[in-house]
Each structure stands twice: as structure tokens, then as C-alpha cells.
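Let us work through some labels used for a protein model. Each label should follow from a value and a cut-off.

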Amino acid sequence: MSRTRRGNFYIDDTCIGCGACEHACPGRVDAISKKADDFLGRFVIELDQCIDCGKCMPLCPVDCIHDGRVEAGFVPDNGYTKIAELHEWAARKDS
Ligand code: SF4
Ligand code: SF4
């Protein structure tokens, strides 16, 4: 049975489209790209491509990249539900 990988990093609406994060995303991963048809040129992280390396986060000049596990108050025993809710929230924001 195949399982879809889901990362935990997301970009909020304050992205200024500088592109620094895209260059940080490691070689074989193409998790960060410009949002299609976004007139502000903002970027988005594809959750099924992100490997949670965290390299993008410190490069963002406006601190708009977040680790959902931290924001959701991730707790190993019960964090799954919170993260799933956050993924759904992030997907709605990006649509
Ligand atoms: S955490 Fe790593 S893999 Fe995920 S978007 Fe950032 S640089 Fe790419
Ligand atoms: S580094 Fe931050 S501001 Fe620049 S494109 Fe990435 S998320 Fe947007």
C-alpha cells in the first residue's frame, strides 16, 4: 500500500515572493514554487513533496514560513489530528 508523504512546512499570506526559499529546497525535492496566477507572486509549499528538512525557514526575510508541528502545539501522542487539521487549513488557503 502506498502512502502519500506529507510535510509540515507552509507559507503564509505575507510572503513577498523573493524566491529565497525556493533555492534552499534540497536537490531532488521540488516542494516550493510560485503560486499559479497569484498577482503578488507569492510562493507555496507542496505538502506531499516537503521532506521537513527546514532549510527554507531561516532564509525567509519576512518569517512567513512555518513549521506546522510547532504552530499546532505538536504532541507526539495526539498531534496527528492537529496536523491533519492544519494541512486542510493550508490547502484551503492555497486553493
Ligand atoms: S522544509 Fe525542506 S523540503 Fe520542505 S519546503 Fe522547506 S526546504 Fe523544501
Ligand atoms: S523566502 Fe519567504 S518571502 Fe521569500 S518567497 Fe519564500 S516564503 Fe516568500
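Q: Why is D52 called partly exposed?
A: This is a predicted model, and D52 has a computed relative accessible area of 22%. Buried requires under 20%, and exposed requires over 50%. The value of 22% meets neither condition, so D52 is partly exposed.

Q: What makes the phi of D52 worth a remark?
A: The phi of D52 is positive, about 60 degrees, although D52 is not a glycine. Most residues other than glycine have a negative phi. As for its place, D52 is found in the loop between β3 (43-45) and β4 (65-67).

Q: Why is D63 called buried, partly exposed or exposed?
A: The relative accessible area of D63 is 58%. Exposed means over 50%. The value passes that cut-off, so D63 is exposed. D63 also has a positive phi, about 55 degrees, without being a glycine. D63 lies in the loop between β3 and β4.

Q: Why is C50 called buried?
A: C50 has a relative accessible area of 9%. Buried means under 20%. Therefore C50 counts as buried.

Q: What makes C53 partly exposed?
A: The relative accessible area of C53 is 39%. The cut-offs are under 20% for buried and over 50% for exposed. The value of 39% lies in between, so C53 is partly exposed.

Q: How do you know where ligand 1 sits?
A: To sit in a cavity, a molecule needs more than half of its atoms within 2 Å of the grid points. Ligand 1 meets this test for the largest cavity, so ligand 1 is said to sit there. About 90 Å³ of space lies in this cavity. The lining has 16 residues, with C25, P26, C50, C53 and C56 closest to the centre.

Q: Which residues are closest to ligand 1?
A: The closest are C25, C50, C53, G54 and C56, out of 13 residues that surround ligand 1. This shell has eleven nonpolar residues, one polar and one charged.

Q: What makes C50 nonpolar and G54 polar?
A: Cys counts as nonpolar and Gly as polar, so the residue type decides the class. The lining of the largest cavity is sorted this way too: twelve nonpolar, two polar and two charged.

Q: Which cavity holds ligand 2?
A: Ligand 2 sits in the second largest cavity. About 60 Å³ of space lies in that cavity. Its lining includes I11, C15, I16 and V62. By class, the lining has nine nonpolar, two polar and no charged residues.

Q: Which residues come nearest to ligand 2?
A: C15, C18, G19, C21 and C60 come nearest, out of 14 residues around ligand 2. The shell divides into twelve nonpolar, two polar and no charged residues.

Q: How many disulfides does the structure hold, and what makes a pair count?
A: The structure holds zero disulfides. A pair counts if two cysteine sulfur atoms lie within 2.5 Å. The count is zero, so no cysteine pair meets that cut-off.

Q: What pattern does the protein follow along the sequence?
A: The pattern is β-α-β-β-β-α-α. This fits the count of three helices and four strands.

Q: How many of the residues are buried, as a percentage?
A: Buried residues make up 40% of the 95 residues in the protein.

Definitions and conventions
Residues numbered from 1 in each chain as written. Chains lettered and ligands numbered in written order. Predicted model: local features only at pLDDT ≥ 70, side-chain atom pairs only at ≥ 80, totals over all residues. Heavy atoms only, no water. Near = heavy atom within 4 Å. 1 Å grid on protein atoms, 1.4 Å probe; cavity = no way out; pocket = protein on both sides within 12 Å on 5 of 7 lines; lining within 4 Å. Points joined across faces, edges and corners; volume = space filled by probe spheres on them. Buried < 20%, exposed > 50% of the residue type's maximum accessible area, 1.4 Å probe, protein only. Helix = DSSP H or I, 4+ residues; strand = E, 2+ residues; numbered from the N terminus.
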